[in-house]
Amino acid sequence: MRKKVTVVGAGNVGANVALRIADQELADVVIVDIVEGIPQGKGLDILQSGPVQGYDVNIVGSNGYEETANSDIVVITAGFPRKPGMSRDDLLMANYEIVRAATEQAAKYSPNAILILVTNPLDAMCWAAQKVSGFSRNRVIGMAGVLDTARYRTFIAQELQVSVENVNAMVLGGHGDTMVPLVRLTSVSGIPLTEIMPQDRINAIVDRTRNGGAEIVKYLKTGSAYYAPSAATVEMVESILKDKKKVLPCAAMLEGEYDVNGLFVGVPVKLGSMGIEKIYELSLTAEEQAMLDKSVGAVKELIDVLQQKTSA
Ligand code: APR
């Protein structure tokens, strides 16, 4: 039997996640959105690409959750995107309500699913989804690090004029301006980045990576990035559905790792059929630890606001 993935939110990110899942023939897809007609129309349109692209998967759109029953994975992309000048944090309360409602419904119909959160502010939305679903921490995962490392790897490959496939990297921390690209562990086909790129260029790339989302928002004006975010999400979906056990940077709920308790933070994890099958705890330099602490502090601030406003 084919696997089944629900994608909540039929907007830019959601529709592209659905399209990529179909293109890679990973699973049947149910797209859910509150706007009548949009998930149905986009679903049918993606379905009709099948004969041309050569995929045999079923795609349906819906405004309810009945059809999502027994999904293996639920990807939540529903929410407002960032507008220019708006920080991810401004989105907090508006998107909290959306993610709360979506998680409640999705968890009701697919109690054994793995949840992948995409809606921003990411780390806070993961926290909300875990609270609302009550799912164990291996089944609630946030997409951020795969996107952040993809941006970082792109800039490095561009600068060095090498294949993006040769650039290996890890980013820790929250999905925001305080993320921690681990320069020390970045390599180009095993060659440490620090040996082949001057420090000032590395610093510029780290800075551009930290602001990678905002750079695109500034161009688009009416929305935020969706091609790379959907690609990153589907790499996670694939690793889970095929039990590939890829080691990827994802937002995971920490219970003591990195001295963090009860918060979602980007860390290296192993993604397989059970969801997060392992969290890798790296020994960090004092400087890296300080940057991570700052990033965790930014995540905690949002959770404090959520806890106050929702008495969760
Ligand atoms: N249930 C289902 N869908 C909803 C709900 C809800 N309660 N509320 C809003 N939506 C839908 C909207 O109707 C819209 O189709 O979510 C979709 C969001 O799509 P876009 O506005 O195109 O936003 P997108 O670019 O896809 O970004 C979605 O992902 O990367 C993050 O920061 C981004 O939080 C944002 C999210």
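**Exercise 1. Find which atom of Gly79 approaches the ligand in this predicted model, and place that contact among its neighbours.**

Start at Gly79: one of its backbone N or O atoms lies 3.4 Å from an oxygen atom of the ligand. A polar contact needs N or O atoms within 3.5 Å, so the Gly79 pair qualifies.

Next, turn to Asn12. Here too a backbone N or O atom faces a ligand oxygen, at 2.9 Å.

Then look at Asp33, where a polar side-chain atom comes to 2.6 Å from an oxygen atom of the ligand. As for cover, the ligand has 740 Å² of accessible area on its own, and the protein covers 84% of that.

**Exercise 2. Describe the shell around the ligand: how many residues, of which classes, and from which helices?**

Begin with the count: 20 residues surround the ligand, and the closest are Asn12, Val13, Asp33, Thr77 and Asn120.

Now sort the shell by class. You should get 10 nonpolar, nine polar and one charged residues.

For the helices, check α1 (12-23) and α4 (92-109); each of them supplies at least two shell residues. Finally, ask where the ligand sits: its place is the largest pocket.

**Exercise 3. Locate the cis peptide bond that involves Pro121, and the positive phi at Asn70.**

Follow the chain to Asn120, which is also among the residues closest to the ligand. The peptide bond from Asn120 to Pro121 is cis, and its omega is near 0 degrees. Pro121 itself belongs to the loop that runs between β5 (114-117) and α5 (122-133).

Then go to Asn70. Its phi is near 60 degrees, a positive value in a residue that is not glycine. You will find Asn70 in the loop between β3 (59-62) and β4 (73-76).

**Exercise 4. Work out whether the radius of gyration of the protein chain agrees or disagrees with a compact globule.**

First take stock of the fold: the protein chain has 11 helices and 14 strands. Its C-alpha trace spans about 50 × 50 × 40 Å along the principal axes.

Now compare. For 312 residues, a compact globule would have a radius of gyration near 20 Å; the protein chain has 19 Å, so the two agree.

Conventions. Residues are numbered from 1 along each chain as its sequence is written. This is a predicted model: local features need pLDDT of at least 70, side-chain atom pairs count only at pLDDT 80 or more; totals for chains, interfaces and linings use all residues. Side-chain values use heavy atoms; hydrogens and water are left out. A residue is near a molecule or strand if one of its heavy atoms lies within 4 Å of it. A polar contact is a pair of N or O atoms within 3.5 Å; within protein, one must be able to donate a hydrogen and the other to accept it, and residues adjacent in sequence count only if both atoms are side-chain atoms. Accessible areas come from the Shrake-Rupley method with a 1.4 Å probe; for residues, only the protein chains shown count as cover. On a 1 Å grid over the protein atoms alone, a cavity is a set of points where a 1.4 Å probe fits but cannot get out, and a pocket is an open set with protein on both sides within 12 Å along at least five of seven lines; lining residues have an atom within 4 Å of a point. A molecule sits in a cavity or pocket if more than half of its atoms lie within 2 Å of its grid points. Helices (H or I, at least four residues) and strands (E, at least two) are DSSP runs, numbered from the N terminus. Ala, Val, Leu, Ile, Met, Phe, Trp, Tyr, Cys and Pro count as nonpolar, Asp, Glu, Lys and Arg as charged, and the others, Gly among them, as polar. The radius of gyration is taken over C-alpha atoms; the globule rule is 2.2 Å times the number of residues to the power 0.38.
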